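Trainee: Could you walk me through the ligand site, piece by piece, and then whatever open or enclosed spaces there are elsewhere?

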Amino acid sequence: MHSSRAPSILIAGAGHCGGRTVQALREYGFAGRIDLVGDEPGLPYERPPLSKDALTGERTHASLDLMDAEALQALDVQRHLARVTAIDTQAHTATLSNGTALAYTSLLFANGGAARPLPISGAQLPGVLSLRNKADALVLAPYLAQGKRIAIIGGGFIGLEVAASARKKGCEVSLVEGAPQLMGRAVPKLLADRAQALHVARGVDLHLGVSPLHIAQTPTGLSVALSNGITLQADAVLVGIGIIPGTDVAQAAGIAVARGILVNRQLQTNVPNVYAAGDVAEFPSHISGALLRQETWQNAESQARVAAQNLMGGAVEFAASSWFWSDQYDYQLQVSGEPAAGVHTVVREQEDGDVLVFYTDAAHRIVGACGWGLSSRIAKDLKLARTLVERGASASPELLADPATRLKALLK
Ligand SMILES: Cc1cc2nc3c(=O)[nH]c(=O)nc-3n(C[C@H](O)[C@H](O)[C@H](O)COP(=O)(O)OP(=O)(O)OC[C@H]3O[C@@H](n4cnc5c(N)ncnc54)[C@H](O)[C@@H]3O)c2cc1C
């Protein structure tokens, strides 16, 4: 029986959530062995700056690390530079890509996902890049220079953030998005339209409702043929079309997966001592019960803390309100809570041209909010909107829509 073994926790994935889980395990007093397995060299780190100030060179890669080498050592972790390639849920063992076999009493999948490849010819050519990790950012960064031409495939957060970073560095930027609006269904059209107008005003050559057909090498770089008949010329093509969550090892071990590794509110899979957290986990919302998979910094942070407690034998439920942001130029977008769980949508046009959108349930409880505006100007209101969601505050649509209503007053 595994319960008679000395407790030993194995974490598959040494990224953001894996790193935070190790810290939380020791913080909560776990004294057993921890194996942290991940294929990226270096220390666990946070990724958001990779498309923003760490891409433009305003921030160093080292500053992204969750901890320094000394701090990791102090956590007394067995760090394996490898991938978990298989687990045996009966024997409680994991096999690593370097041939090592490890025993565990409980295991966490915190292995995120891989950049989704572009399924067209030419996508394998040198200069066709993606952005998921530090190594990818090091390949992309030299293209962000005055006069270089970057073609971006995908008008989601990463594509748009790279577009903004590339314009800041003086690149000529084209961006191709298959849908008629930017940022998909994650944000309302009203906000997507504002972002679109900003990118156009900052000189991005935008192609909406258009798909890339094929990429070819030319004497001077790459060409991207588009479905609207236009051919883009570029020095590099950045593909930002989402990730494929790393469900394969779990699935092969008989663990239930759908759009991610399926977990319950305790982040536990259908195999009791196996958990999943972060980008790879598909979990039930504490608001609506809907199954969610979130690719956000805050989700990695807060699920790590819940996973740590449950890996140690706890039964803590994950009920953190979700939240994410995106920085584009000097503007910021934020989405809090679960907009899809709302039945009413209330738009609040601020006097300065920024905008907030609230989502309320049938009882006017605020279940979601989002906003877009000049970062320095809207920051305070975005934070208040997030707090309103977290507290499940209620307000009438009239009050919420009125820019004269102080959001702070609604907290009471
Ligand atoms: C460029 C970029 C910008 C972002 N910007 C924002 C932002 O502005 N706001 C926001 O909220 N979120 C942002 N995010 C999302 C956020 O970074 C992720 O949600 C977060 O990193 C998820 O953490 P994770 O630990 O689940 O996955 P990861 O941090 O990806 O870590 C997973 C690790 O597991 C490793 N791995 C994979 N397979 C295996 C295996 N079989 N065995 C062992 N290890 C394995 C991977 O190599 C990786 O190191 C951004 C992400 C990127 C890439």
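Mentor: Let's start with which elements build the shell around the ligand: α1 (16–27), β2 (33–38), α4 (157–168), α7 (297–311) and β22 (323–328) each put in at least two residues. Keep in mind as we go that this is a predicted model. Seen by domain, at least three shell residues come from domain 1 (2–53 + 62–113 + 244–311), and at least three come from domain 2 (117–239). In total, 31 residues surround the ligand, and D39, E40, R47, K52 and D279 are the closest. Sorted by class, that shell is a mix of 13 nonpolar, nine polar and nine charged residues.

Now for some individual contacts. K52, one of those closest residues, has a side-chain N or O atom 2.6 Å from an oxygen atom of the ligand. D279 is also among the closest, and a polar atom of its side chain sits 2.6 Å from a ligand oxygen. With T296 the backbone takes part: one of its N or O atoms is 3.0 Å from an oxygen atom of the ligand. As for how much of the ligand is covered, on its own it has 1,000 Å² of accessible area, and the protein covers 94% of that.

Next, follow α7 out of the ligand shell, as that helix turns up again in the second largest pocket. Along with β1 (8–12), α7 gives two or more residues to the lining there. This pocket has a volume of about 200 Å³. Its lining is made up of 15 residues, with S106, N310, L311, M312 and G313 nearest the centre. Here the class split is seven nonpolar and eight polar, with no charged residues, whereas the ligand shell has nine charged ones.

What about enclosed space? The count of cavities of 30 Å³ or more comes to one, and the largest cavity holds about 90 Å³. Its lining consists of F283, S285, H286, I287, L292, Q294, F318, A320, S321, S322, G337 and E338. By class, those residues divide into five nonpolar, six polar and one charged.

Finally, a couple of backbone spots to check while you have the model open. Most residues other than glycine have a negative phi. D76 isn't a glycine, yet it has a positive phi of about 55°; look for it in the loop between α2 (69–74) and β3 (78–81). L267 is another non-glycine with a positive phi, about 65° in this case, and it's in the loop that runs between β18 (261–262) and β19 (274–276).

Conventions
Residues numbered from 1 in each chain as written. Predicted model: local features only at pLDDT ≥ 70, side-chain atom pairs only at ≥ 80, totals over all residues. Heavy atoms only, no water. Near = heavy atom within 4 Å. Polar contact = N/O pair within 3.5 Å; in protein donor to acceptor, adjacent residues only side chain to side chain. Areas by Shrake-Rupley, 256 points an atom, 1.4 Å probe, with all protein chains shown as cover. Helix = DSSP H or I, 4+ residues; strand = E, 2+ residues; numbered from the N terminus. Nonpolar A, V, L, I, M, F, W, Y, C, P; charged D, E, K, R; others polar. Domains from an automatic or database assignment. 1 Å grid on protein atoms, 1.4 Å probe; cavity = no way out; pocket = protein on both sides within 12 Å on 5 of 7 lines; lining within 4 Å. Points joined across faces, edges and corners; volume = space filled by probe spheres on them.
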